Amino acid sequence: MDALFSIFVIGTLVVVAWRGLWGVMDLTLYPHDRAKSARGSLMMGCVTVTLTYVLHPIVRWMCDHIDGVCKLIICDIYYLAEFFGAVNTWRGIWNLLDVYIYPDNLILSYCVTHIIPFLVLTALKCSNSILVRGVYIDADGEGSDSINIPINYIKLHFQRERNKRSKAMSLHKPNLLIHKNEKEAQCTLNEKKPKNENKIHSDLDASRQLV
């Protein structure tokens, strides 16, 4: 049921909302000049996204100190601003590609803009980001967790590498410990061996003197 609801209800409403805002921008932002409309949309999107990230610490602080309906309203306003910025950024990039990437050969344009980015995302191990996956509940989470956005690729990359090194070290440590214990045991035997030899020699000397 969760999968069906998320895909056919939430997913459909997301597409409809995107189409609505996208269409409004098509009709109102330089409707007769596609290139200028795309540049304007991209600029508005980038400015809006930048402002939302500048305001992010303030909104986080507010969400840490309020709860209930007030928190929900603040989160929804913040989500709306992010939505406006995201749609305009996507629209700007999309239309600029239509205008400048092989506009007279649509098949080539579509293939180039599909294959190359997908290969780059695959090389970066981020191809799953294409799915824009997941369904979230508004204002859900403790404090500011409700407005945090998972955009930590570089952090996750270095964290993963550190975890790999830590795991390798943890696997290597038992071997080092075994070698160390073996070496200590060998040293102990070597220390005991001369003592035993000295004892044998002293016993032989004593027996010779008696003879």
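Is Asp26 buried, exposed or partly exposed? Select Asp26 in this predicted model and show its surroundings: the residue is partly exposed, with a relative accessible area of 32%.

**The first salt bridge**

Keep Asp26 selected and add Arg91, whose side chain meets that of Asp26 in a salt bridge at 2.7 Å, N to O. Because Arg91 lies in helix 3 and Asp26 in helix 1, the pair ties together parts that are 65 residues apart in sequence. Colour the two by accessibility, and Arg91 will stand out as buried, since its relative accessibility is 2% and the cut-off for buried is under 20%.

**The second salt bridge**

A search of the whole structure finds two salt bridges, and the other can be shown by selecting Arg34 and Asp98, whose side chains meet at 2.8 Å, N to O. Here Arg34 belongs to helix 2 and Asp98 to helix 3, so this pair joins parts that are 64 residues apart in sequence. Arg34 is partly exposed, with a relative accessible area of 47%.

**Along helix 2**

Next, select residues 34-65, which form helix 2, and draw a line between the end C-alpha atoms: they are 45 Å apart, which agrees with the 46 Å that 32 residues should span at 1.5 Å a residue. Move along the helix to His56, where helix 2 bends by about 45°, with a proline, Pro57, following within four residues. His56 is also one of the buried residues of helix 2, which include Ala35, Gly45, Thr52 and Cys63. To see what these buried residues pack against, display helix 1 (2-28) and helix 3 (69-100) beside them.

**Regions from the record**

An unreviewed UniProt entry places the feature "transmembrane region" at residues 41-62, 69-87 and 107-124. Select residues 41-62, and the span proves to be 100% helix, with end C-alpha atoms 30 Å apart; then select residues 69-87, again 100% helix, where the end C-alpha atoms lie 26 Å apart.

**The nonpolar core**

Finally, select Leu21, Trp22, Met25, Leu29 and Val87, the five residues that make up the largest nonpolar core. Helix 1 gives the most to this core, with three residues. Centre the view on Met25 and, leaving aside residues up to four places away in sequence, look for its contacts with Ser37, Met44, Phe84, Asn88 and Arg91. The last of these contacts, Arg91, brings the tour back to the residue whose side chain meets Asp26 in a salt bridge.

Technical notes
Residues are numbered from 1 along each chain as its sequence is written. This is a predicted model: local features need pLDDT of at least 70, side-chain atom pairs count only at pLDDT 80 or more; totals for chains, interfaces and linings use all residues. Side-chain values use heavy atoms; hydrogens and water are left out. Helices (H or I, at least four residues) and strands (E, at least two) are DSSP runs, numbered from the N terminus. The expected span of a helix is 1.5 Å times one less than its number of residues. The bend at a residue is the angle between axes fitted to the seven residues ending there and the seven starting there. Buried means under 20% relative accessible area, exposed over 50%, partly exposed in between (1.4 Å probe, protein chains only). Contact means heavy atoms within 4.5 Å. UniProt positions are given in the numbering used here, feature names are shortened, and annotations may be inferred rather than shown by experiment. A salt bridge is a side-chain nitrogen of Lys or Arg within 4 Å of a carboxyl oxygen of Asp or Glu. A nonpolar core is a set of buried Ala, Val, Leu, Ile, Met, Phe, Trp, Tyr and Cys residues joined through side-chain atoms within 4.5 Å.
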